[in-house]
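Student: Could you give me a close look at one part of this structure and walk me through what surrounds it? I would like one connected account, please.

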Amino acid sequence: MKIIMLGAPGAGKGTQADLLAKEFRIPHISTGDIFRKNIKEGTELGRRAKEYMDGGQLVPDEVTIAMLLDRIAEADCADGYILDGFPRTIPQAESLKEALDKKGEAIDVCIDIEVPDEDIAARMSGRRSCPKCGATYHIQFNRPKEEGICDSCGAELIQRADDKAETVMKRLETYHELTQPLIDYYSAQNILAAFDGTRKPDEVFRAILEGLK
Ligand code: AMP
């Protein structure tokens, strides 16, 4: 099963992708997490990505596409994967389609998680992330068992620089301009399934599982 998660930043793509990855036993691939890992490790890719990420902008397509196509060529992706944060532009979607077409493969479903802009800002200011394993939490809606500590790996949680209020508005603008057109793109291919993302994470997850059936 090959799944794409669409939705504004903070809509809950990462949380749902994690749950789906466990359910279907396929990898959850987050381009944002791959960039953050490279920044932490001080690689050339990380250095290039950081300047865009810190400004709430997208990393250029050529960098992102090459990185993602390499990742999905790895052995653990043989039975499928969940893409979280990719594609974010029409050229990214077209490059992915081209690469899959060549192998006689296709995306099975594109899950769009819908949350109004007004809710996004409130959600993102409360978001906390694990710098070690990438798990995400929310100080109100999705608390870790122990405050400030990651349930999965025990690391201390942080607020990502790009989740700060000033960057969130820029990220939302970027989303509407460059990423939202993908909704029509996948709808035209009859693989779009939209879900109301304003509900609690487990309710959204149940609706997605029902929808996938
Ligand atoms: P995310 O964790 O998915 O919210 O991504 C954080 C940041 O990483 C984004 O705001 C972008 O700067 C960058 N990024 C992640 N995925 C992509 C992508 N597919 N294309 C371009 N930039 C991306």
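Tutor: Happy to! An angle between two elements here is taken between their N-to-C directions and runs from 0 to 180 degrees, with axes fitted as lines to C-alpha atoms. This is a predicted model, and the part to look at is strand β1, with its sheet and the helices beside it. Helix α8 (residues 181-188) lies across β1 (2-7), β4 (109-114) and β7, and its direction is at about 145° to β1.

Let's place β1 in its sheet. The sheet is open and has 5 strands, in the order β2-β3-β1-β4-β7, with parallel pairing. At its edges are β2 (28-30) and β7 (192-196), each of which pairs on one side only. From one strand to the next, the twist averages 25°. Strands of a sheet pair through backbone hydrogen bonds, either parallel or antiparallel.

Now look to either side of β1. It pairs with β3 in the parallel sense over 4 bridges, and M5 has D84 as its bridge partner in β3. With β4, β1 pairs in the parallel sense over 5 bridges; here I4 is matched with C110.

What about burial? A residue counts as buried under 20% relative accessible area. In β1, 6 of the 6 residues are buried, so the strand is largely enclosed by the rest of the structure. In a regular strand the side chains alternate between the two faces of the sheet. Both faces of β1 are covered, with K2, I4 and L6 buried on one side and I3, M5 and G7 buried on the other.

Two of these residues lead us to the core. The largest nonpolar core has 43 residues, and I4 and M5 are among those that touch the most other members, together with I82, L83, L96, I111 and Y186. In soluble globular proteins, nonpolar side chains tend to be buried together. L96 is a good one to click on: beyond four places in sequence, L96 touches I4, L68, L69, I72, L83, F86, P87 and I107. Two of those contacts, F86 and P87, are joined by a cis peptide bond with omega of about -5°. P87 sits in the loop between β3 and α5 (90-102). Most peptide bonds are trans.

Next, follow the sheet out past β3 to β2. Those two strands run parallel and are joined by 3 bridges, with β3 covering residues 81-84; I29 has L83 as its bridge partner. S30 belongs to β2, and at 8% relative accessibility it counts as buried. Apart from neighbours within four places in sequence, S30 is in contact with R36 and D84, and D84 is also the β3 bridge partner of M5.

Finally, go over to β4 and β7, where helix α9 (residues 201-212) comes in. This helix has 12 residues and reaches 16 Å from its first C-alpha to its last, close to the 16 Å expected at 1.5 Å a residue. Its buried residues are V204, F205, A207 and I208. Seen down the axis, they fall within an arc of 165°, so they line one face of α9. What covers them includes α1 (13-24), β4 and β7, while R206 and E210 are exposed on the other side of the helix.

Note on methods: Residues are numbered from 1 along each chain as its sequence is written. This is a predicted model: local features need pLDDT of at least 70, side-chain atom pairs count only at pLDDT 80 or more; totals for chains, interfaces and linings use all residues. Side-chain values use heavy atoms; hydrogens and water are left out. Two strands pair if DSSP finds at least two bridges between them. Contact means heavy atoms within 4.5 Å. The expected span of a helix is 1.5 Å times one less than its number of residues. Buried means under 20% relative accessible area, exposed over 50%, partly exposed in between (1.4 Å probe, protein chains only). The arc is that of the directions from the helix axis to the C-beta atoms. A nonpolar core is a set of buried Ala, Val, Leu, Ile, Met, Phe, Trp, Tyr and Cys residues joined through side-chain atoms within 4.5 Å.
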